[in-house]
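Okay, thanks everyone, I'll keep this short. Let me put the structure up and then we'll walk through it.

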Amino acid sequence: MPTYAPDLNPHEGIWSLVKRDIGNLAAAELSQITRAVKRELKMLQYRPEVIDGCLAGTGLPLSQ
């Protein structure tokens, strides 16, 4: 695998979704950003089809 391959990293898809949802957040403190990111990640936790889509988007074989 190449040294840097964001298209092969499923985390990139997850962070893309989180950044899209909090993109217009005008936070006055770091704690507000932290809460927003945690909230978005918690919501994604209950949407396994979205996580599976990020994994499938890499094109790598999925093994159980």
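So, this is a predicted model, and let's start with confidence. The chain averages a pLDDT of 83, and 91% of the residues score at least 70. Going by helix, confidence is highest in α2, residues 30-45, at a mean of 92, and lowest in α3, residues 48-56, at 84. The usual caution goes here: where pLDDT is low, don't read the predicted coordinates in detail.

Next up, the helix packing. Helix α1 covers residues 10-22, and its axis sits 10 Å from that of α2, at an angle of about 125 degrees. That angle falls outside the 65 to 115 range for roughly perpendicular and isn't over 145 either, so α1 and α2 count as oblique to each other. Their crossing is right-handed.

Which residues meet there? On the α1 side we have Ile 14, Trp 15, Leu 17, Val 18, Asp 21 and Ile 22. Facing them from α2 are Ala 36, Val 37, Glu 40, Leu 41 and Leu 44.

Now, salt bridges. How many does a search of the whole structure find? Just 1. Arg 47 pairs with Glu 49, with the closest N and O atoms 4.0 Å apart. As for exposure, Arg 47 is partly exposed, at 42% relative accessible area, while Glu 49 is exposed, at 52%.

Last stop, the segment after α3, where you'll find Pro 61. Is Pro 61 buried or exposed? Exposed, with 75% relative accessibility. Pro 61 and Ala 26 are 35 residues apart along the chain, and their C-alpha atoms are separated by 39 Å.

That's my tour, happy to take questions.

Note on methods: Residues numbered from 1 in each chain as written. Predicted model: local features only at pLDDT ≥ 70, side-chain atom pairs only at ≥ 80, totals over all residues. Heavy atoms only, no water. pLDDT = per-residue confidence, 0-100. Helix = DSSP H or I, 4+ residues; strand = E, 2+ residues; numbered from the N terminus. Salt bridge = Lys/Arg side-chain N within 4 Å of Asp/Glu carboxyl O. Buried < 20%, exposed > 50% of the residue type's maximum accessible area, 1.4 Å probe, protein only. Axes fitted to C-alpha atoms, helices over the stretch in contact; angles between N-to-C directions. Parallel < 35°, antiparallel > 145°, perpendicular 65-115°, else oblique. Left-handed = near helix turned anticlockwise from the far one by under 90°. Contact = heavy atoms within 4.5 Å.
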